[in-house]
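Dear colleague,

I am handing over the structure we spoke about, and I would be grateful if you could look through it alongside the notes that follow.

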Amino acid sequence: MNQFLSTIKKFFTIAELRKKILFTAAIFAFYRLLAHIPVPGIDTAQLNTLFSQNQLLGLLDLFSGGTLANFSIIALGLSPYINASIIMQLLGMIIPKFEELQKEGESGRAIINQYTRLITVPLGVVQGVGIYALLRSQGLIVSQSLPGLIAMILTMIGGTMLTMWLGEQLTEHGIGNGISMLIFAGIVSRLPVSLAQTAATSQSDQFSNLLVFGVLGIVVVAGIVMVTQAVRKVPISYAKRVRGSKTYGGQSTHLPLRINQAGVIPIIFAVSLVLLPSFLGRFLESAGSNTLNAIGRFLSTNFNPQSLTYNITYFLLVLGFTYFYTAIVFDPEKIADDFKKHGGFIPGIRPGKPTAEYLNYILNRITLAGALFLGTIAILPSVAQSMTDITSLTLGGTSILIVVSVILETSKQLEALLVMRNYDGFLS
């Protein structure tokens, strides 16, 4: 405890860290303030009742940090931006121009981010219209005029762009990845509400189920920490080089390959896509055509969070995005070239292409283990809810994974800043 308090004290005694922490806290406070500013023209009382009775909507509200149940000006959240990011990364694998931009470093990423912002706007319009249609079918829209529709959609798009900007500012001037931090803030802010609803609706005979749910949650957190921290150490040796009277190299080290290279991104991407069929289904159910109504009922039934189709699709999406994002963030050929330039090699493996193939072989094997674990964690809450009949506790493995991963990544960044500060003080 004393060590923890001394570490916290160090954070606030260093001016740079103190500034980052206070900036992050200010962004969180502003973000939560926005979450309680409702869009005009919505019957919020009936909307809260609808969200409390529907598990899918409750899950969406959890990820939005309560912005959907309140239908605040940031009700769309970061969903359009995340979907736009998925589209841009897919284009990077298909279109050579975007692939070149991804390899250009900081300047290329800046251009890709600009394209992502532009794609976010039409995606926000589509999702805004879908939410409007859903609320209208439930009789929750007070004003159904065309100007009211336009004003509501523009407000939601503006809220999304503002949230996106807050995330970028948080990444640049605060602590951690801004987008992940905002999602983290939304999930954590809804956790007390979710626990209170569970406690209020649970009966005495469900105490054992709650206990099982709690133990399972602890096991999930421990597993997430273990897999997130686990690495495969690839031995690296450097050849000796003699320049004049000095000898360079000759030391041995290792290349740490994380089992989960993609972090929390696959889960965020998978959630954004797996929920789309349910939204589309609810939109089609309110259409005038019998065929569209039938399609809507099929999608709503088969992509319910408790359905087998939903969980299988969710599991496969997590697997696919884990491999996809790992291929983007880790380039074996570039790593092999860097080793070759600096005289490094893997013992028993020739430099160059054989090294890249060996790294790719190892990465595929450990990524499979990480992807299977993430997929299992993603669908485990649905299985647990089916076993315990506790449906009011919507906090699932996905939410826990995001929270734990963000905490671990942020703590590593803070630790790195502390180490860098200590080195600066030693060298000065």
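I begin with helix 14, which covers residues 308–329, in what is a predicted model. With 22 residues at 1.5 Å a residue, helix 14 should span 32 Å, and because its end C-alpha atoms are 32 Å apart, the expected and the modelled lengths agree. Which residues of helix 14 are buried? They are Tyr310, Asn311, Tyr314, Phe315, Val318, Leu319, Phe321, Thr322, Phe324, Tyr325 and Thr326. When reading that list, it may help to recall that an α-helix has 3.6 residues a turn, so residues three or four places apart point the same way.

As for the protein in general, there are 17 helices and 5 strands, and of its 428 residues 45% count as buried. Among the contacts with a separation of 6 or more, 74% are made by residues 24 or more positions apart. The protein exposes about 22100 Å², of which carbon and sulfur atoms supply 64%.

Some care is needed over confidence, since the average pLDDT is 76 and 77% of the residues score at least 70. Confidence is highest in helix 2 (residues 15–34), at 86, whereas strand 3 (residues 246–248) has the lowest, at a mean of 59.

Three single residues may be useful places to look. Ile377 sits in helix 16, which runs over residues 353–388, and it counts as buried because its relative accessibility is 6%, under the 20% cut-off. Although Ile377 and Val220 are 157 residues apart along the chain, their C-alpha atoms are separated by 7.2 Å.

Ser72 belongs to the loop between helix 4 (55–63) and helix 5, and with a relative accessibility of 0% this residue counts as buried. Once its neighbours within four places in sequence are left aside, Ser72 is in contact with Leu34, Ala35, His36, Ile37, Pro38, Val39 and Thr67.

Ile95, by contrast with the buried Ser72, counts as partly exposed, because its relative accessibility is 31%, which falls between the 20% and 50% limits. Ile95 is found in the loop between helix 5 (79–94) and helix 6 (96–102). Together with Leu90, Met93 and Ile94, Ile95 forms a nonpolar patch on the surface, and the four have about 400 Å² of accessible area together.

With best wishes

Note on methods:
Residues numbered from 1 in each chain as written. Predicted model: local features only at pLDDT ≥ 70, side-chain atom pairs only at ≥ 80, totals over all residues. Heavy atoms only, no water. Helix = DSSP H or I, 4+ residues; strand = E, 2+ residues; numbered from the N terminus. Buried < 20%, exposed > 50% of the residue type's maximum accessible area, 1.4 Å probe, protein only. Expected span 1.5 Å × (residues − 1). Contact = heavy atoms within 4.5 Å. Areas by Shrake-Rupley, 256 points an atom, 1.4 Å probe, with all protein chains shown as cover. Patch = residues over 30% accessible without salt bridge, like charges linked within 9 Å, V, L, I, M, F, W, Y side chains within 5 Å. Salt bridge = Lys/Arg side-chain N within 4 Å of Asp/Glu carboxyl O. pLDDT = per-residue confidence, 0-100.
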